[in-house]
Amino acid sequence: MTAAIKKFIGEVVLDCQDHGITFTFSRDEKVSAPGEGPELASCGFFEGNDKILTCSRVTSWLWTLIHEYNHMQQWKEDAWWFSDEAASMWQDFWDWLEKKVELSPEQVQKTVKAIIACERNCEERVISMITSTQKRLGIGKRAYIKQANAYLAFYALVVEKQSWYTKTSPSQSLRLQALVPANRIISVEEALNPSKKFRKTCLEECFNTSAP
Ligand SMILES: [Zn+2]
């Protein structure tokens, strides 16, 4: 581990302490937020209400940590995405994915647009952090943008399939990352309207199905 990465982790630990956040690395490959089923597990999460930041230490942990840490920065700034109103929208969406509640197509669209907007804002923050000369974390900007864009466009398939990924995480799929821009974060509209090729590849890579 480089000195710059150690320093960054030290900053995260201190920032978490200052804000009453419990920060842990998990030995598990996938982690679920409190109250969520294993169907919704991912490489890491930040939960403002529960004050928890957890990352799997298994794959690309630094990329996950820097992403989740920037959600914590949004929360520190009282961004709308961490309001009670947003929390109940997110909860409905996760419950809908687990098929516990029904939502109208309009409700689903409204929520997924808000989620993608939150994720885009987070990714823009990550990119300025990894390109800041003081940080030197060794994360390539173009490589990071590609995996961020693959994740954003994956949400279109989450809605279509009413399911979280059941195979490979979009952030781990090089085939998906080859199909998205490397020089900018895609818009909400672009994320929700991926190319046919992206859709087909995403179904193969992230879900246990292929395109009809
Ligand atoms: Zn995120």
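The following dialogue goes through several features of a predicted model.

Student: Where should one begin when reading the interior of this predicted model? Which residues of the largest nonpolar core have the most contacts inside it?

Tutor: The largest nonpolar core has 40 residues, and those with the most contacts inside it are Leu152, Ala153 and Phe154. Two or more residues are given to this core by each of β2 (44-47), β3 (52-56), α2 (61-76), α3 (84-97), α4 (105-131), α5 (141-161) and α8 (196-206).

Student: Which element gives the largest share of this core?

Tutor: Helix α5 does, with 10 residues. For Leu152, the contacts beyond four places in sequence are Ile116, Glu119, Arg120, Ile186 and Ala191.

Student: How is the packing of two helices to be read?

Tutor: Two packed helices are described by the angle between their axes and by the distance between those axes. In this structure, the axes of α5 and α8 come within 10 Å and cross at roughly 80°. An angle of 65 to 115 degrees counts as roughly perpendicular, and α5 and α8 are therefore roughly perpendicular to each other.

Student: Which residues make the contact between α5 and α8?

Tutor: On the α5 side they are Ala153, Phe154 and Leu157; on the α8 side they are Phe198, Arg199, Cys202, Leu203 and Cys206. By class, this contact of α5 with α8 has seven nonpolar residues, one charged residue and no polar residues.

Student: How does one judge the span of a helix such as α5, and what follows α5?

Tutor: One sets the distance from the first C-alpha to the last against the span expected at 1.5 Å a residue. Helix α5 has 21 residues and reaches 30 Å, close to the 30 Å expected. Gln162, with a positive phi near 45°, follows α5.

Student: How many residues has α3, and what span does α3 reach?

Tutor: Helix α3 has 14 residues and reaches 20 Å between its first and last C-alpha, close to the expected 20 Å. Just after α3, Lys99 takes a positive phi of about 60°.

Student: Why are positive phi values worth noting?

Tutor: They merit a remark because most residues other than glycine have a negative phi. Asp78 is not a glycine, yet its phi is positive, at about 55°. Asp78 lies in the loop between α2 and α3. Gln162, also not a glycine, has a positive phi of about 45° and is placed in the loop between α5 and α6 (174-177).

Student: Are Asp78 and Gln162 buried or exposed?

Tutor: A residue with 12 or fewer other C-beta atoms within 10 Å of its own is exposed. Asp78 is exposed because it has 10 such atoms. Gln162 is exposed as well, with 12 other C-beta atoms within 10 Å.

Student: How should one read a residue such as Arg120, and what are its contacts?

Tutor: One may consider its element, its surroundings and its contacts in turn. Arg120 is found in helix α4. With 18 C-beta neighbours inside 10 Å, Arg120 counts as partly exposed. Apart from neighbours within four places in sequence, Arg120 is in contact with Leu152, Ile185 and Val188. Arg120 and Ala148 are 28 residues apart in sequence, with 8.4 Å between their C-alpha atoms.

Student: Where is Asn121 found, and how far is Asn121 from His71 in space?

Tutor: Asn121 is found in helix α4. It counts as partly exposed, with 17 C-beta neighbours inside 10 Å. Asn121 and His71 are separated by 50 residues in sequence and by 8.9 Å in space, C-alpha to C-alpha.

Student: Where does Ile5 lie, and with which residues is Ile5 in contact?

Tutor: Ile5 lies in helix α1 (residues 3-18). Ile5 is partly exposed, with 16 other C-beta atoms within 10 Å. Leaving aside neighbours within four places in sequence, Ile5 is in contact with Leu62 and Leu137. Between Ile5 and Lys146, which are 141 residues apart along the chain, the C-alpha atoms are separated by 22 Å.

Technical notes: Residues numbered from 1 in each chain as written. Predicted model: local features only at pLDDT ≥ 70, side-chain atom pairs only at ≥ 80, totals over all residues. Helix = DSSP H or I, 4+ residues; strand = E, 2+ residues; numbered from the N terminus. Buried ≥ 20, exposed ≤ 12 C-beta atoms within 10 Å, placed from the backbone. Contact = placed C-beta atoms within 7 Å. Core = buried A, V, L, I, M, F, W, Y, C linked by C-beta atoms within 7 Å. Axes fitted to C-alpha atoms, helices over the stretch in contact; angles between N-to-C directions. Parallel < 35°, antiparallel > 145°, perpendicular 65-115°, else oblique. Nonpolar A, V, L, I, M, F, W, Y, C, P; charged D, E, K, R; others polar. Expected span 1.5 Å × (residues − 1).
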